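Here is a short report on one helix, one pocket and some backbone details. Look at the model first.

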Amino acid sequence: MLAATLFSHGHLHNHDEIEIMIPSIYSLYGICIITLILVFLGVYGASKKKKWALIVFVVGMILGSLVLIAVGIGGLARRSQEDENLKVHYLEMLPLSNASQSNIDALRFLQTELQCCGLDQGYLDWGYNIPESCLCTNKSTNPCVAAPANSSIFELKVDERHVLIYKEPCLPYMVAHVMVFLDTTMGILLGVILLWVLSVVLGIVLLCQMSKKEDVPVVVYSQQAKAGNYSPLANIVEHT
């Protein structure tokens, strides 16, 4: 978790929206530091057999597990709404003629990577100025159509061959990729929760073992106990 947070902070350091994401990054730093402190306490308590350290470890991990479980349940509950929220968010870029340059550059990059064109209605979203990122290549796997004659990209026509551009819009692909990322994140969160619950179980087992009293046999003295049949060593030496 700490490594992922450090990598994300470094990757987004020069990003335009870093100011918006700073609170989330600092929250992740806090979670990582608290987790490391709990882990050190757990290791110390297990190795030195200190109950107080194990109790703090178990209680902290239980609280952390409950928080992560609540976050996971909330994420699963909102998953169905995220699809629509993403569509509304991306459709705010329309019309593309009024979109910011950063959004235009990002969309052009996605068109090349996802083999699509436009957002909602395909190449029609671009109007006359269809970018070259909509052009189909020899390695294209998505369906292509002939570019309209009343578009700027039609000027790239060579001989009598049609200029082919991607037929499908990018919005479904963009939403699908974001949902895959969210599902992957939820899977990682579930794995972390299982590890934390396992740590809690192990901590409780250690506490039970430390609290368990060892059975010491009771020694009873009896006056009627018979003396053992022992021969003094001195007598044995004299006989030899």
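A pocket here is an open set of grid points with protein on both sides within 12 Å along at least five of seven lines, and its lining residues have an atom within 4 Å of a point. The model is predicted.

**The pocket.** The second largest pocket holds about 190 Å³ of space. Its lining includes L94, P95, L96 and S97. I104 and R108 also line this pocket. Further lining residues include D125, W126, G127, N129, I130 and P131. By class, the lining has seven nonpolar, three polar and two charged residues.

One lining residue, P95, sits in the loop between α3 (51-91) and α4. The peptide bond that joins L94 and P95 is cis, with omega about -10 degrees.

**Helix α4.** This helix covers residues 101-114. At 1.5 Å a residue, its 14 residues should span 20 Å; the end C-alpha atoms are 20 Å apart, so the two agree. I104, L107, Q111 and L114 are buried. Seen down the axis of α4, the buried residues fall within an arc of 110 degrees, so they line one face of the helix. Cover for them comes from elements including β2 (164-166) and α5 (171-211). On the other side of α4, F109 and E113 are exposed.

**Positive phi.** Q115 follows α4. Neither Q115 nor K49 is a glycine, yet each has a positive phi.

| Residue | Phi | Loop | Relative accessible area |
|---|---|---|---|
| K49 | about 55 degrees | between α2 (18-48) and α3 | 64%, exposed |
| Q115 | near 55 degrees | between α4 and β1 (144-146) | 16%, buried |

Methods: Residues are numbered from 1 along each chain as its sequence is written. This is a predicted model: local features need pLDDT of at least 70, side-chain atom pairs count only at pLDDT 80 or more; totals for chains, interfaces and linings use all residues. Side-chain values use heavy atoms; hydrogens and water are left out. Helices (H or I, at least four residues) and strands (E, at least two) are DSSP runs, numbered from the N terminus. The expected span of a helix is 1.5 Å times one less than its number of residues. Buried means under 20% relative accessible area, exposed over 50%, partly exposed in between (1.4 Å probe, protein chains only). The arc is that of the directions from the helix axis to the C-beta atoms. Contact means heavy atoms within 4.5 Å. On a 1 Å grid over the protein atoms alone, a cavity is a set of points where a 1.4 Å probe fits but cannot get out, and a pocket is an open set with protein on both sides within 12 Å along at least five of seven lines; lining residues have an atom within 4 Å of a point. Grid points are joined across faces, edges and corners, and a volume is the space filled by probe spheres set on the points. Ala, Val, Leu, Ile, Met, Phe, Trp, Tyr, Cys and Pro count as nonpolar, Asp, Glu, Lys and Arg as charged, and the others, Gly among them, as polar.
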